[in-house]
Amino acid sequence: MATFQSVLSFASAIALCVASFGCIYAHNAGFTTELVHRDSPKSPLYNSQQTHLQRWNKAMRRSVSRVHHFQRTAATVSPKEVESEIIANGGEYLMSLSLGTPPFEILAIADTGSDLIWTQCTPCDKCYKQIAPLFDPKSSKTYRDLSCDTRQCQNLGESSSCSSEQLCQYSYYYGDRSFTNGNLAVDTVTLPSTNGGPVYFPKTVIGCGRRNNGTFDKKDSGIIGLGGGPMSLISQMGSSVGGKFSYCLVPFSSESAGNSSKLHFGRNAVVSGSGVQSTPLISKNPDTFYYLTLEAMSVGDKKIEFGGSSFGGSEGNIIIDSGTSLTLFPVNFFTEFATAVENAVINGERTQDASGLLSHCYRPTPDLKVPVITAHFNGADVVLQTLNTFILISDDVLCLAFNSTQSGAIFGNVAQMNFLIGYDIQGKSVSFKPTDCTQL
């Protein structure tokens with residue numbers, strides 16, 4: 001029989017859970033949220049007038065532009081299971097969440113390369129054109145601006161300033177010259193679930209953008225930072241999801257058929273079973289990005305050692321990123337790698353990419369045979385399928401889904417498709433499991 005003290009302790013624990021971030025999920029089974037590619041018919045950004053070639057050209061240009069985002073930082077109780085559905089914004093993905101009480105739904109870019117969760121707020125001094133209504137913090141019973149002396153404000157470092165009312169102001173500048181400025185605040189974040197009711201995260205730090213501009217689309221409302229820094233959605237979920245999230249990106253052809261990708265959190269995010277390959281997650285500055293160690297790439301039987309990148313050191317020499325379409329290597333390594341691919345292609349008739357963005361293209365004839373390509377990370381040999389390594393740009397052009405960059409190195413989302421990819425922030429690892437993502 002339970003004692004009075006044990007009942008009191010249980011009641012106190014429940015009260016603490018209700019007041020804290022994440023404890024309230026301890027006894028639930030978890031949830032799933034949807035991720036949808038921007039060029040999917042399910043996406044509000046879908047343009048039926050664009051050709052397949054035009055969509056790919058825009059996605060590739062975003063990949064090239066996004067490199068600058070990594071050259072400059074984006075701004076100079078049992079675990080809960082969460083799964084969320086993603087929408088790709090031409091290389092970026094979109095996801096829905098709600099802010100405030102009552103919940104106000106927004107559609108924003110889900111970005112593993114940035115931290116802050118922010119949306120455009122009214123009144124707005126200088127906002128990019130947005131079709132959907134702007135979030136009005138006065139309509140939320142749980143919205144609170146943060147003062148300058150709070151820990152959350154201090155976490156922003158040089159990206160914060162103080163208003164005349166002693167309220168914390170944030171300023172984030174992205175590599176493509178986009179920016180957002182506004183009030184740092186806390187409010188309840190609600191995530192939709194594809195396998196249950198909505199899940200609530202009270203007192204989540206958000207940015208209420210009052211001055212925002214750049215390359216944002218009028219059909220989205222901001223950015224949901226999924227990076228490794230303290231302000232990201234992942235970090236703020238903390239122990240409630242056990243520091244774990246994963247995603248499974250469906251191929252573009254499957255997106256067109258109405259399938260969507262998934263974003264998982266907590267125990268649902270554990271990647272296990274046959275075929276799993278794991279590699280250490282390397283801690284480096286800035287802590288926003290997810291650094292892995294690439295040791296080599298194999299083209300058929302030819303193994304090419306990776307000499308590193310401008311990220312410095314032999315460890316953490318490449319970033320894994322869901323927001324970049326292409327995989328990008330330093331110029332010298334890419335030249336050697338692409339030459340090996342060219343030498344291994346059988347019955348390959350060279351042709352040109354009309355956009356000029358991709359350098360190694362072939363006519364997809366019935367007798368064309370392309371090599372198996374393997375990414376050798378520290379402790380993980382990830383064997384890529386043809387859908388990860390070559391892009392069908394048009395009916396008569398098939399191109400290598402890799403390119404060169406003057407700085408850094410990025411393992412892009414084409415290479416990640418049809419892999420269940422799990423991030424264990426506490427365990428410092430990233431896992432890959434070959435998976436038919438349309439079946440999740």
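These are my notebook entries on strands, aromatic pairs and a few side chains in a predicted model.

**Entry 1: the four-stranded sheet**

I began with the open sheet, whose four strands follow the order β20-β21-β25-β24 with antiparallel pairing. I then looked up which strands stand at its edges. They are β20 (350-351) and β24 (390-394); each has a single partner strand, so one side of each lacks a neighbour in the sheet.

For β20, I noted two bridges to strand β21 (residues 361-362), in the antiparallel sense. Within this pairing, Arg350 has Tyr362 of β21 as its bridge partner. I also checked the side chains of these two residues: the charged end of Arg350 sits over the ring of Tyr362, at 5.5 Å from the ring centre. Arg350 and Tyr362 are thus recorded twice, once as bridge partners and once as a charge over a ring.

Next I asked which helix lies across this sheet. I found helix α6 (residues 331-344), which lies across β20, β21, β24 and β25 (397-400). Its direction makes an angle of about 135° with β25.

**Entry 2: aromatic pairs**

I recorded 24 aromatic pairs in the structure. Among them is the pair of Phe245 and Tyr423, which is stacked, with 4.4 Å centre to centre and 10° between the planes. I located Phe245 in strand β12 (residues 244-248) and Tyr423 in strand β28 (residues 419-424); the pair links distant parts of the chain, 178 residues apart. Are these two rings buried or exposed? Phe245 has 0% relative accessibility and therefore counts as buried. Tyr423, at 1%, counts as buried too.

I then turned to Phe411 and Phe432. Their ring centres are 6.3 Å apart and their planes stand at 90°, so I entered the pair as edge-to-face. Phe411 belongs to strand β27 (residues 410-411) and Phe432 to strand β29 (residues 429-434), so the pair ties together parts 21 residues apart in sequence. Phe411 is buried at 2% relative accessibility, and Phe432 is buried with a relative accessible area of 2%.

I also looked up the cluster to which Phe245 and Tyr423 belong. Tyr247, Phe265 and Tyr290 join them in one aromatic cluster. As a further entry on charges and rings, I noted Lys284 over the face of Tyr291, at 5.6 Å from the ring centre.

**Entry 3: strand β16 and its partners**

How many residues of strand β16 (residues 294-299) are buried? I found five of the six, so the strand is largely enclosed by the rest of the structure.

On the pairing of β16, I noted five bridges to strand β22 (residues 373-377), in an antiparallel arrangement. With strand β17 (residues 302-305), β16 pairs over four bridges, also in the antiparallel sense. Ala296 appears in both pairings: its bridge partner in β22 is His376, and its bridge partner in β17 is Glu305.

I then examined the hairpin of β16 and β17, which has two residues between the strands. There Gly300 takes a positive phi near 60°.

**Entry 4: Ser240**

My last entry concerns a loop residue. Ser240 lies between α4 (233-237) and β12; the latter is also the strand that holds Phe245. Ser240 has a relative accessible area of 2% and is therefore buried. I looked up what its side chain reaches: it is the backbone oxygen of Met237, at 2.4 Å.

Technical notes:
Residues are numbered from 1 along each chain as its sequence is written. This is a predicted model: local features need pLDDT of at least 70, side-chain atom pairs count only at pLDDT 80 or more; totals for chains, interfaces and linings use all residues. Side-chain values use heavy atoms; hydrogens and water are left out. Two strands pair if DSSP finds at least two bridges between them. Contact means heavy atoms within 4.5 Å. Axes are lines fitted to C-alpha atoms, for helices over the stretch in contact, and angles run from 0 to 180 degrees between N-to-C directions. Rings of Phe, Tyr and Trp (its six-membered ring) pair if their centres lie within 6.5 Å; planes under 30 degrees apart count as stacked, over 60 as edge-to-face and the rest as tilted. Buried means under 20% relative accessible area, exposed over 50%, partly exposed in between (1.4 Å probe, protein chains only). A charge sits over a ring if NZ of Lys or CZ of Arg is within 6 Å of the ring centre and within 35 degrees of the ring normal. A polar contact is a pair of N or O atoms within 3.5 Å; within protein, one must be able to donate a hydrogen and the other to accept it, and residues adjacent in sequence count only if both atoms are side-chain atoms.
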